[in-house]
Amino acid sequence: MQYFDRYVSNTVAGSANQLFFTPADPCERCVGRVYYRVHASGEFNYSFLYSNVTDSTFDHGDVSRANRVLAPWTLHALRVGVTSSADPATLGRECMFSVTFGGKTEKTVQPGEFFESDPIRLSANAGEYVCLEYVFSGREIPYHEERIIPTFRYLNGVWTDSAHVPFLGMLGCERNVKARVCFWGDSITQGIGTERDSYTHWNAQLARTLGTDYSYWNLGIGYGRATDAASLGAWFYKAKHADLCVVCFGVNDILQTGNADLIKESLTLIVQNLKALGIAVVLQTVPPFDYNAVQRTVWENVNAYIKNSLGNLADAVFDTVTVLGTEHAPHMARYGGHPNADGCALWARALAPVVKSVLEHVKKN
């Protein structure tokens, strides 16, 4: 897609297809809103990227697995507005603008399709929200169940908190940056563990430290596995458009399969394939997660491999355990398995000089 030659992400909110849902009546037109907080201030052309395929395996994979191609659905209308509040009562439709796709306000989404909106000019300050309002119908609608950003459905005449709204792939912004940074991982990268709409997860705090010379795309997704990332499907297709990829996988692989060899193979494939495309990689060790005795053995095995073997392949390795683990039991999560804002602040502070050092040598693709 030429999309990535023109647009970069302008939010650090997680933006991935975790699952799909089916409305009670697939033929009924549903209305929903999603609020994304802007990272860099300014007036820019925006374009909104979507895909109709799941990025990773949800939970045990009973409902949906990575790279599931979803059925057609219809986006009857998309409206956008800029607001300082994520309260849907404060932004009326008279303050929103219609978004088109190939000059048309309605879009029929095909199975597995990646698609983008036509550009629209918006002015927004850092910390304000880009609100997207959808009118949609269909049998399999991609969305994010474990969202930590404000999402609403218009039900019985009232805006109601609900996850069942289409999710954006990228809040694309036409902005010149020194490099495109991608954060690729699981729910810890997405930001679960921090307060909803707080933007205090580790990579959000890291992005504020690094500043607006760079763009940041958060591809963290709940239940995300290294094995899914290594399948080189839709999720990898997104990550491969970065100049620097900060990778943090392994917790869900340990909890779901516990296969150390498979985890190490998957992490190796991730790093090798990113590096083959000229993408710089900062690889992080698997964070503490209060593992049991068996899981701890796997965790120690994988982390030793990351530091001793993959450290020679990646541009840098950052050991999360030095920040998040306890002194006498490093596998125990000091700030929670999903780190809270305090743990994420320490993480971002310790990681920042590592990422800065790599960025000094990154050349934009």
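## Glutamine 18

Glutamine 18 belongs to the loop that links strand 1 (8-14) and strand 2 (19-21). The model discussed here is a predicted one. With a relative accessible area of 1%, glutamine 18 is buried, because buried means under 20% relative accessible area.

A polar atom of the glutamine 18 side chain lies 3.1 Å from the backbone oxygen of glycine 222. Glycine 222 also appears among the residues in contact with glutamine 18 once neighbours within four places in sequence are set aside. That list further includes Ile221 and Tyr223, as well as Tyr143, His144, Glu145 and Glu146. Ser56 and Phe58 complete the set of contacts of glutamine 18.

## Cysteines

Zero disulfides are found in a search of the whole structure. Cysteine 95 takes part in no disulfide, and the nearest cysteine sulfur to it, that of cysteine 131, is 11 Å away. Cysteine 131 is likewise in no disulfide, its nearest cysteine sulfur being that of cysteine 95, at 11 Å. A disulfide requires a pair of cysteine sulfur atoms within 2.5 Å, so the 11 Å separation of cysteine 95 and cysteine 131 does not qualify.

The surroundings of these two residues may also be described by accessibility. Cysteine 95 counts as partly exposed, at 39% relative accessibility, whereas cysteine 131 is buried, with a relative accessible area of 0%.

## Packing of helix 7 and helix 8

Two packed helices are described by the angle between their axes and the distance between the axes. Helix 7 (residues 260-276) packs with helix 8 (residues 293-308) at an angle of about 30°, and their axes are 9 Å apart. Angles under 35 degrees count as roughly parallel, and helix 7 and helix 8 are therefore roughly parallel to each other.

The crossing of helix 7 with helix 8 is right-handed. On the helix 7 side, the contact is made by Ala260, Ile263, Lys264, Leu267 and Thr268. Helix 8 contributes Val298, Asn301, Val302, Tyr305 and Ile306.

## Threonine 209

Threonine 209 is located in helix 3 (residues 202-210). Its relative accessibility of 46% places threonine 209 in the partly exposed class. A polar atom of the threonine 209 side chain lies 3.1 Å from the backbone oxygen of glutamine 205.

When residues up to four places away in sequence are not counted, threonine 209 touches Ala352 and Lys356. Alanine 239 is 30 residues from threonine 209 along the chain, and the C-alpha atoms of the two are separated by 22 Å.

Methods:
Residues numbered from 1 in each chain as written. Predicted model: local features only at pLDDT ≥ 70, side-chain atom pairs only at ≥ 80, totals over all residues. Heavy atoms only, no water. Helix = DSSP H or I, 4+ residues; strand = E, 2+ residues; numbered from the N terminus. Buried < 20%, exposed > 50% of the residue type's maximum accessible area, 1.4 Å probe, protein only. Polar contact = N/O pair within 3.5 Å; in protein donor to acceptor, adjacent residues only side chain to side chain. Contact = heavy atoms within 4.5 Å. Axes fitted to C-alpha atoms, helices over the stretch in contact; angles between N-to-C directions. Parallel < 35°, antiparallel > 145°, perpendicular 65-115°, else oblique. Left-handed = near helix turned anticlockwise from the far one by under 90°.
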